[in-house]
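Work through the exercises below with the structure open. Each task is followed by a solution in steps.

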Amino acid sequence: MGTPVSDGLVSKRSLRKKSGQKNYDENLMDEFIEKHVGAAFRKIRTKEELEKETEIEAMIALSLGFPIDALIEDEIKAGVVRELGGKEQNDYIVVRNHILSRWRSNVRVWLTKGHIKETVSNEYIHLLSAAYDFLLYNGYINFGVSPSFSSYLPEEATEGSVIIVGAGLAGLAAARQLLSFGFKVVVIEGRNRPGGRVYTQQMGKKDKHAAVDLGGSVITGIHANPLGVLARQLSIPLHKVRDNCPLYKPDGVPVKKEVDSRIETIFNKMLDKVNELRKIMGGFANYISLGSVLEKLRQLYAVARSPEERQFLEWHLANLEYANAGCLSDLSAAYWDQDDPYEMGGDHCFLAGGNWRLIKALSDGVPIIYGKTVDAIRYGVEGVEVVAGNQVFQADMVLCTVPLGVLKRKTIRFEPELPQRKLAAIDRLGFGLLNKVAMIFPHVFWGEELDTFGCLNETSDNRGEFFLFYSYHTVSGGPVLIALVAGEAAQTFERTDPSILLHRVLSKLRAIYCPKGVDVPDPIQTICTRWGNDPLSYGSYSHVRVQSSGRDYDILAESVGNRMFFAGEATTRQYPATMHGAYLSGLREASRILRATRGRQSYFRRSVQRNVGPSSDQLADLFKWPDLVCGKFSFVFDPLTDDPKSMGLLRITFDNCKDDTNKVLENSCDPPSNQPLQLYTTLSREQALELQTVTGEEETKLVYLMNSFGLKLMGAYTVGNAYNSLVTSISNARRGRGGRYRISAPLLNTV
């Protein structure tokens with residue numbers, strides 16, 4: 001199993017929300033945007049209509065994290081405009097917002113530049129290209145699992161090779177994106193399934209079964225959420241988590257609403273006071289835990305003094321520990337909620353049939369090797385090696401997506417060791433625990449109208465034990481209840497016999513429902529999770545611990561030497577501890593890997609211009625192992641295609657040129673010298689095969705080459721400048737397919 005990513009509803013303050021509609025239909029977003037935006041594309045619009053459309057598109061872009069009147073940092077770094085702050089920037093923002101809105105209007109269709117050109121004036125074509133390329137290569141458009149995307153994906157790998165460690169949401173998102181960019185990719189996964197910390201288990205019997213999410217389960221905030229996009233592409237219905245969450249005392253007696261409301265108000269005021277205090281205390285607040293500050297405030301203001309009120313308050317504290325996957329005594333008073341400004345808006349939803357449906361779609365077509373636990377990752381200027389048991393995988397780059405808990409345990413050896421600042425960040429950040437008891441019953445005895453209900457506990461030590469129940473009967477296909485265990489109780493849970501845990505949870509349920517005359521049957525099947533003892537996770541999800549800060553998430557996300565990259569929920573400062581955060585981190589790293597690769601290629605091209613072509617060394621390396629040799633004629637081709645029309649390189653070596661050969665070479669290449677002369681040209685596979693059939697001496701083949709094919713021979717310098725992309729493409733393809741850095745399964749090195 002893998003670790004659950006945060007189920008927390010809305011903010012980290014309270015996971016109980018105001019009331020709303022029962023079901024959330026993602027198709028409504030399609031209809032809304034189409035009504036306000038799509039229709040405008042099909043008619044001539046007035047100035048007022050254009051202004052209204054621009055406002056709507058700006059709001060859509062804002063919901064996706066783009067400022068209304070400014071560029072984001074990555075856009076500035078990408079140089080999307082020549083000058084910041086002027087008219088060109090304003091025009092670019094309008095075009096950018098328009099592209100985002102066009103794609104969000106129908107996420108099932110690949111948006112092309114041609115589609116946008118239909119609605120953007122020709123004078124802004126350069127801005128269209130800049131905005132489109134930025135949004136495409138940074139994962140803002142044309143991402144996901146829509147079947148229609150396949151025709152737009154490259155048939156052959158044209159970029160470098162990447163090993164991805166971990167087939168969770170981050171790894172799968174990155175893999176699909178990198179494949180669409182033209183990279184050669186393989187994913188190494190320690191489990192026998194994809195998904196990592198998102199795990200849907202089938203429970204029950206043949207006549208009574210259900211799909212239950214034992215890991216990440218709630219899509220937290222549907223507005224702009226990429227997981228919502230995936231659900232729309234797959235036409236999977238979503239169920240809004242309804243907000244009615246009744247509470248019950250330890251003896252099963254319902255909590256009065258007025259008492260519940262009063263204690264919740266006190267709890268929120270205490271959190272407001274924490275916010276005020278940390279502003280006064282400054283950096284000193286980072287050395288104090290949130291739990292200690294809340295307890296001091298409770299004593300100072302003499303609130304929740306009676307046993308009953310204290311139990312109410314403890315329930316809210318348990319809810320806070322659930323949202324942060326950590327004990328309050330570990331959370332930083334200064335930065336525990338640093339990601340609140342970035343929370344996704346909108347309803348919180350369950351996915352019908354479980355989140356496995358997203359994982360299955362994401363993993364389709366992705367090369368994944370299961371059952372391989374990574375022991376070591378070696379990286380250097382020439383590439384990377386990933387060691388799993390007795391096998392060594394080699395590639396240009398590696399993306400590590402393992403959970404923070406695994407990094408903390410140091411079960412993977414990095415050679416050389418990770419930078420000290422990254423090791424320190426790994427140590428500072430917290431990685432907490434959330435466990436579940438999943439139960440499938442013969443029928444829904446708790447009522448069809450409830451999605452959640454809560455139970456108070458007697459003491460602060462066990463406040464997180466079965467404090468909240470989720471009903472999955474609306475989406476799982478069966479009568480399923482899940483009891484959550486958070487805080488210190490989640491740690492004790494892992495050391496307790498499952499039969500004892502089941503007895504406790506059933507005792508709670510029977511205390512609530514038996515007095516109402518409702519029989520609580522024994523469950524058909526029960527599963528108790530053990531995320532803390534899972535050697536491929538060692539916990540659930542991350543939080544900001546005392547002496548840590550949001551900056552540590554950024555440090556974890558930093559690449560090392562542009563060879564080793566990191567993704568996962570613990571690498572995103574804005575969306576930690578969420579499924580969508582993990583997914584977005586994968587898209588982010590795919591973009592970074594592409595930029596790093598293009599940067600190396602650009603550096604190489606600059607070096608070529610200063611020196612000799614793509615370097616005579618690179619040409620020499622290619623011809624060390626020619627694909628075809630015919631006398632002094634050597635041929636190399638792209639190993640990733642057998643297309644007869646595909647282009648390759650021909651090298652001819654002249655030791656002692658005869659007079660008639662010199663005549664042929666005249667005006668075709670650099671003047672001959674006393675040294676052995678090596679000349680080059682490009683030709684197709686079918687031309688090479690045709691040349692093989694020419695009889696006679698090599699001079700005859702040379703004459704045929706020039707007269708019949710009309711080809712011109714060149715020196716290394718000239719061919720390097722004229723055909724740099726072809727030389728680089730074949731070189732990269734060889735490295736990915738059969739060179740030193742290999743990642744395809746048949747080419748594994750065994751040690």
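**Exercise 1. The largest pocket**

Task: State how the lining of the largest pocket divides by residue class, then find where the lining comes from.

Solution. The model is a predicted one.

Step 1. Sort the lining residues by class: 21 are nonpolar, 12 are polar and 14 are charged.

Step 2. Look at the space they enclose, which is about 1600 Å³ in the largest pocket. Its lining has 47 residues, and Ile72, Asp74, Asn138, Tyr140 and Arg588 are the closest to the centre.

Step 3. Trace the lining to secondary structure. Two or more residues come from each of helices H2 (47–63), H3 (73–78), H4 (87–105), H6 (125–137), H17 (551–557) and H18 (579–610). H18 contributes the most, with 9 residues.

Step 4. Trace the lining to domains. Domain 1 (26–37 + 44–142) and domain 2 (161–244 + 343–599) each supply at least three residues.

**Exercise 2. The nonpolar cores**

Task: Which residues touch the most other members of the largest nonpolar core?

Solution.

Step 1. The largest nonpolar core has 79 residues, and Phe453, Phe469 and Leu509 touch the most other members.

Step 2. Take Phe453 and set aside its neighbours within four places in sequence. The contacts of Phe453 that are left are Cys245, Pro246, Tyr248, Trp446, Phe467, Leu468, Phe469, Leu481, Leu509, Ile512 and Tyr513.

Step 3. Another core, of 77 residues, lies apart from the largest one; Leu111, Leu127, Tyr132 and Ala231 are among its residues.

Step 4. Put this beside the general tendency: in soluble globular proteins, nonpolar side chains tend to be buried together. In this protein chain of 751 residues, 57% are buried.

**Exercise 3. Two residues with positive phi**

Task: Is asparagine 142 buried or exposed? Is serine 235 buried or exposed?

Solution.

Step 1. Locate both residues. Asparagine 142 is in the loop between H6 and strand E1 (161–165), and serine 235 is in the loop between helix H8 (226–234) and strand E6 (238–240).

Step 2. Read the backbone angles. Asparagine 142, which is not a glycine, has a positive phi near 55°. Serine 235 is not a glycine either, and its phi is positive at about 55°.

Step 3. Apply the cut-offs: buried is under 20% relative accessible area and exposed is over 50%. Asparagine 142 has 5%, so asparagine 142 is buried. Serine 235 has 54%, so serine 235 is exposed.

**Exercise 4. A cis peptide bond**

Task: Where is proline 416 found?

Solution.

Step 1. Proline 416 is in the loop between strand E14 (413–415) and helix H14 (420–428).

Step 2. The peptide bond leading from glutamate 415 to proline 416 is cis, and its omega is near 0°.

Conventions. Residues are numbered from 1 along each chain as its sequence is written. This is a predicted model: local features need pLDDT of at least 70, side-chain atom pairs count only at pLDDT 80 or more; totals for chains, interfaces and linings use all residues. Side-chain values use heavy atoms; hydrogens and water are left out. A nonpolar core is a set of buried Ala, Val, Leu, Ile, Met, Phe, Trp, Tyr and Cys residues joined through side-chain atoms within 4.5 Å. Buried means under 20% relative accessible area, exposed over 50%, partly exposed in between (1.4 Å probe, protein chains only). Contact means heavy atoms within 4.5 Å. On a 1 Å grid over the protein atoms alone, a cavity is a set of points where a 1.4 Å probe fits but cannot get out, and a pocket is an open set with protein on both sides within 12 Å along at least five of seven lines; lining residues have an atom within 4 Å of a point. Grid points are joined across faces, edges and corners, and a volume is the space filled by probe spheres set on the points. Helices (H or I, at least four residues) and strands (E, at least two) are DSSP runs, numbered from the N terminus. Ala, Val, Leu, Ile, Met, Phe, Trp, Tyr, Cys and Pro count as nonpolar, Asp, Glu, Lys and Arg as charged, and the others, Gly among them, as polar. Domain bounds come from an automatic or database domain assignment.
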